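Here is my note on the model, written as numbered points. Please keep the structure open while you read.

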Amino acid sequence: MDIISAYREAGTYRGAAAISGTTPKTVRRVIARHEAGGGAPPRWPRQHNYDAVAALVAERVARTAARISAKRLLPAARAAGYSGSPRNFRRLVAAQKQLWRRDHHRGRRPAVWSPGEHLVIDWGSEGGLHVFCAVLAWSRFRFVRFAADERAETTLAMLAECFEVLGGVPGKVLADRMGCLKGGVVANVVVPAPEYLRFAAHYGFRADFCEANDPESKGIVENLVGYAKSDLMVPQAPFGDLAAANERAVAWCAEVNGVIHSEICAVPSERLVIERELLAGLPSLRASTGRQVTRKVDRLSCVRFGSARYSVPVRLIGTQVGVRTDDGRLLVIMTGTGQVVAEHVLVAPGEASVRDEHYGGPRPAPRRAVRPKTAAEKAFCALGPVAEAFITGAAAAGNTRLGPELAELNTLRAAYGEEVFGAALDRAVAFGRWRAADVRSILAAGPGTADPRTAGDALVLELPVVPVRPLSDYAIGGLS
């Protein structure tokens, strides 16, 4: 019930307070204000102990663009006559900063991206490992890879790989003012490095740079760098090497690009299919980045770089090729077409990196062929593989009389015939008998000797099943 109505009904302050659920003092104050015409009594502003220095604080806050701290400003306020507490002075400084920021806010507006227009890139680092991040602005498709450094050739190689993953080239690449990509700054305008300009001309995009000290202009990729650190690098570290780290990065990108993005309320992988139609096509060859040197392929089908050997396809023996290092790898490039014909991991000086596919298959095992020269050797080796096996086994067993005994073996061959002598020689090889006397004894024993064989499988017999009786049936006189 209204306080005034309750007072009219009860006639007392205490009764009206009981009805209205308030105190008698409140009822008396409300009735007095109502009888005075309904207006509230005037309230004069309370005086503060920092009013004398408020103008000084406002002037210093405006001069420093609201960056000065209350701790730094307090001595000047003390000198101007302020005698209050530091806590009360901090309230004054905070209020003045809030007033200044309200009138001087830059008034940023959200970015509106167009399909196929912008790719934003940036570098981050965590624990000595560098991470390259790129995000396609409209579809929010994210690309993350790891590297050992942030040099220009590494950045351009990452950017080329990003274009291949996207399946096209956007209209602009927006980058931070990276020292590896800029050649200088004139009147706040960034001059791209010549190598970056050649790279951009090869792929057909425009190189763009953010404003200095303006993280808001590239917050879309700054958020990705922080996300990659907190969700990929910190939980899954340490990585064994760059290859293992990049395998994790590929799997992580596939995971985050396959779920709904909170900003666009869509799946980035699905939107990439739409945006890819508006991207420019990839060139036929990847751009050559970094310093390239020329090497001649030697007779071993290898090139030398850094006192180490690296194999190339055999068809390139005697030709000139280009050699370039890229992110811990060595690339062998055809100088005329720019095609990468071999790729190796960098090895230490004095070592060699050889790939079997460059030589048509794995290296064959060494084989010391039997090549007869004398008449006795040629006559004995005419028996075929069994004679070669006998000579190889006798040499391995250390039979130093093998040469002179070949004449005796040829005599036995003429006496017994090639078929019988070949069977005896085969038996001698099987049992490791390497002298002429051993072959003679085998021939003397004849064909009736036993021919041992290795043990076979266990013999399993199916036994018949017969009825059985318990032992209690055989008890005598009930004694068990």
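1. Start with Asp122: its bridge partner in strand E2 is Cys133. Strands here are DSSP runs of at least two residues (E), helices runs of at least four (H or I), both numbered from the N terminus. Two strands pair if DSSP finds at least two bridges between them.

2. A word on the source. This is a predicted model, where local features need pLDDT of at least 70 and side-chain atom pairs count only at pLDDT 80 or more, while totals for chains, interfaces and linings use all residues. Residues are numbered from 1 along each chain as its sequence is written, and side-chain values use heavy atoms, with hydrogens and water left out.

3. Strand E1 covers residues 118-126 and E2 covers residues 129-136. They pair in the antiparallel sense over eight bridges. The two strands form a hairpin with two residues between them. Gly127 in that turn has a positive phi of about 65 degrees. E1 also pairs with strand E4 (residues 172-175), in the parallel sense, over four bridges. There, Val120 stands opposite Leu174.

4. On its other pairing, E2 meets strand E3 (residues 141-147) in the antiparallel sense, over seven bridges. Phe132 stands opposite Arg145 in E3. This hairpin has four residues between the strands, and Arg140 takes a positive phi near 60 degrees.

5. How covered are these strands? Buried means under 20% relative accessible area, exposed over 50%, and partly exposed in between (1.4 Å probe, protein chains only). In E1, seven of nine residues are buried. In E2, eight of eight are buried. In a regular strand the side chains alternate between the two faces of the sheet. E2 is covered on both: Leu129, Val131, Cys133 and Val135 are buried on one side, and His130, Phe132, Ala134 and Leu136 on the other.

6. Now the rings. Rings of Phe, Tyr and Trp (its six-membered ring) pair if their centres lie within 6.5 Å; planes under 30 degrees apart count as stacked, over 60 as edge-to-face and the rest as tilted. The whole structure holds 13 aromatic pairs. Why is the pair of Trp123 and Phe132 edge-to-face? The centres are 5.4 Å apart and the planes stand at 65 degrees, so the pair earns that label. Trp123 is buried at 9% relative accessible area, and Phe132 is buried at 0%. The two are also bridge partners.

7. Phe199 and Tyr203 make a tilted pair, because their planes are at 45 degrees, with centres 4.8 Å apart. Both lie in helix H8 (residues 194-203), four residues apart, about one turn of the helix. Both are buried. Ring pairs link them into a cluster with Phe163, Tyr196, Phe205 and Phe209.

8. Check the charges over rings too (NZ of Lys or CZ of Arg within 6 Å of the ring centre and within 35 degrees of the ring normal). The charged end of Arg271 sits over the ring of Trp138, 3.8 Å from its centre. Arg469 lies over the face of Tyr474, at 5.0 Å from the ring centre.

9. Last, another sheet. Three strands form an open sheet in the order E9-E10-E14, with mixed pairing. E9 (302-305) and E14 (352-353) stand at the edges with a single partner strand each, so one side of each has no neighbour in the sheet. E10 and E14 run parallel, joined by two bridges. Tyr310 has Ser353 as its bridge partner in E14.
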